[in-house]
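This note is offered to a colleague who is meeting the structure for the first time. The points below are numbered for ease of reference.

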Amino acid sequence: MAEDIEKVKCLIIGSGPAGYTAAIYAARANMEPVLYQGSQPGGQLTTTNEVENFPGYPEGVTGPEMMLQLQAQAERFETDVRNGWVTKVDFSGDIHKVWVNDTKEIHADTVIISTGASAKYLGLESEQKYLKLGGGVSACAVCDGFFYRNQEVVIVGAGDSACEEAHYLSKLCKKVTMLVRRDEFRASKIMEARVRNTENIEILFNTETDEVLGDGQVVNGVRVFNNKTNEKHDIPATGFFVAIGHKPNTDIFKDYLDLDETGYIINVPGTSKTNVEGVFVSGDAADHVYRQAVTAAGTGCMAALDAERYLAAKDSTFEVSTSTYN
Ligand SMILES: Cc1cc2nc3c(=O)[nH]c(=O)nc-3n(C[C@H](O)[C@H](O)[C@H](O)COP(=O)(O)OP(=O)(O)OC[C@H]3O[C@@H](n4cnc5c(N)ncnc54)[C@H](O)[C@@H]3O)c2cc1C
């Protein structure tokens, strides 16, 4: 039996940089936002110790600390931050229906989706061990490449993103070894040519990861095997980058929202609008290109402003706030 239905002006799903930024703007615009944090309060950044590229932190900041500060800022303007996992939605009618933990039903005038995406990993025990230790495994070259300047790294993947990331790393690192599982790339010809023409990128085809090697604390190499000959060899490396794709956390929306073939929500270009009026998207749930905290925060701002304007157009008693700008 559903509990009493709650009505809210603005429901935000997700507590990463996109969700909290949307909350700051929505709260300051009198939209009284309710935000559900999901199973990972603070989002992806809570899994990293060093964030050095978010503006405003000249000395860098740990991911968990930064996300606590974003939460505090959202709460300062009375965002109602709650624990809970959104399990179902129904966007078929004028009222946007959302269920939390399968029981609580909420009817929201506007919904801002900020559910992010999860990087895919190989799933090897050694990979997960050094990932959790923060000891040299990463799924984001732009985020972490800087920490491996003048060092040797290995990257796994064969698509456009993997080529992009390998090329990015090649400008920072002494040597990049790229492991490609098949005997060809999946990437576009132009991206493939870019890595093939970069002197300090070595490409190993038909090659897979056997183990990530290390001293118990940090990575110091990668054992690989040729999947045609089964021959193994070790590659010295201090960083192991995994670039085999991301999975956006959007399954619950698939019956109502337009998604691309990977599951990213398709937004109206230049806005946070989805194909359903009153439902907006921000952050990595719609972004397969940039996937950065600052871009997630930027689109969180856009979603709150779009939601505010939608509400104002729908309800003449709701005034667009001027507080957004002061
Ligand atoms: C290890 C690592 C290091 C990184 N380092 C950097 C860096 O240094 N600099 C940088 O700019 N970027 C970095 N990134 C990328 C950055 O973390 C992401 O781009 C950013 O967090 C995306 O923000 P988001 O708000 O879109 O989503 P996320 O941070 O992914 O947050 C998604 C939120 O949605 C919630 N959620 C999901 N589904 C539901 C549901 N059904 N119901 C309720 N809640 C739900 C989750 O609990 C979570 O709170 C890093 C990523 C990783 C994994």
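1. In this predicted model, the hairpin of β5 and β6 has three residues between its strands, and asparagine 101 there takes a positive phi near 50 degrees. Asparagine 101 adopts this positive phi although it is not a glycine. Its place is the loop between β5 and β6, where its relative accessible area of 43% makes it partly exposed.

2. Aspartate 102 belongs to the loop between β5 and β6 as well. It is likewise not a glycine, yet its phi is positive, at about 65 degrees. Is aspartate 102 buried or exposed? Its relative accessibility is 59%, and because the cut-off for exposed is over 50%, aspartate 102 counts as exposed.

3. The strands on either side of this loop run antiparallel: five bridges join β5 to β6, the latter covering residues 104-113. One pair may serve as a landmark, since valine 98 has isoleucine 106 in β6 as its bridge partner. Strand β5 itself spans residues 96-100 and is mostly covered, with four of its five residues buried.

4. Strand β5 also pairs with β4 (residues 86-90), again in the antiparallel sense, over four bridges. Here aspartate 90 is placed opposite lysine 97 in β5. The connection from β4 to β5 is a hairpin through five residues. As general background, strands of a sheet pair through backbone hydrogen bonds, in either a parallel or an antiparallel manner.

5. Beyond β6, serine 114 lies in the loop that leads to β7 (117-119). Its relative accessibility is 7%; because buried means under 20%, serine 114 counts as buried. Which residue does the side chain of serine 114 contact? The partner is serine 282, whose side chain makes a polar contact with that of serine 114 at 3.0 Å.

6. A second sheet deserves separate attention. It is open and has five strands in the order β8-β15-β9-β10-β11, with parallel pairing. The edges are taken by β8 (137-138) and β11 (201-204); each has a single partner strand, so one side of each is left without a neighbour in the sheet. Within this sheet, β9 (residues 152-156) and β10 (residues 175-179) run parallel and are joined by five bridges. Valine 156 stands opposite leucine 179 of β10.

7. The ligand has 33 residues around it, of which Gln37, Gln40, Asn53, Asp284 and Ala293 come nearest. By class, this shell comprises 18 polar, twelve nonpolar and three charged residues. Two helices, α1 (17-28) and α7 (293-314), each contribute at least two residues to the shell.

8. Several N or O atoms of the protein lie at short listed distances from oxygen atoms of the ligand. An N or O atom in the side chain of serine 15 is 2.8 Å from a ligand oxygen. For aspartate 284 it is a backbone N or O atom that lies 2.8 Å from an oxygen atom of the ligand. In glutamine 292 the atom is again in the side chain, and the distance to a ligand oxygen is 3.0 Å. How much of the ligand does the protein cover? Of the 1,000 Å² of accessible area that the ligand has on its own, the protein covers 94%.

9. Glutamate 50 is found in the loop between β2 (34-36) and α2 (63-76). With a relative accessible area of 44%, glutamate 50 is partly exposed. Glutamate 50 and proline 64 are separated by 14 residues in sequence, and their C-alpha atoms are 9.5 Å apart in space.

10. Some remarks on the chain as a whole may close the note. Its secondary structure comes to seven helices and 17 strands. Buried residues account for 50% of the 326 residues. The C-alpha trace spans about 70 × 40 × 40 Å along its principal axes. The radius of gyration is 22 Å, which agrees with the value near 20 Å that a compact globule of 326 residues would have.

Note on methods: Residues numbered from 1 in each chain as written. Predicted model: local features only at pLDDT ≥ 70, side-chain atom pairs only at ≥ 80, totals over all residues. Heavy atoms only, no water. Buried < 20%, exposed > 50% of the residue type's maximum accessible area, 1.4 Å probe, protein only. Pairing = 2+ DSSP bridges. Near = heavy atom within 4 Å. Polar contact = N/O pair within 3.5 Å; in protein donor to acceptor, adjacent residues only side chain to side chain. Areas by Shrake-Rupley, 256 points an atom, 1.4 Å probe, with all protein chains shown as cover. Nonpolar A, V, L, I, M, F, W, Y, C, P; charged D, E, K, R; others polar. Rg over C-alpha atoms; globule rule 2.2 N^0.38 Å.
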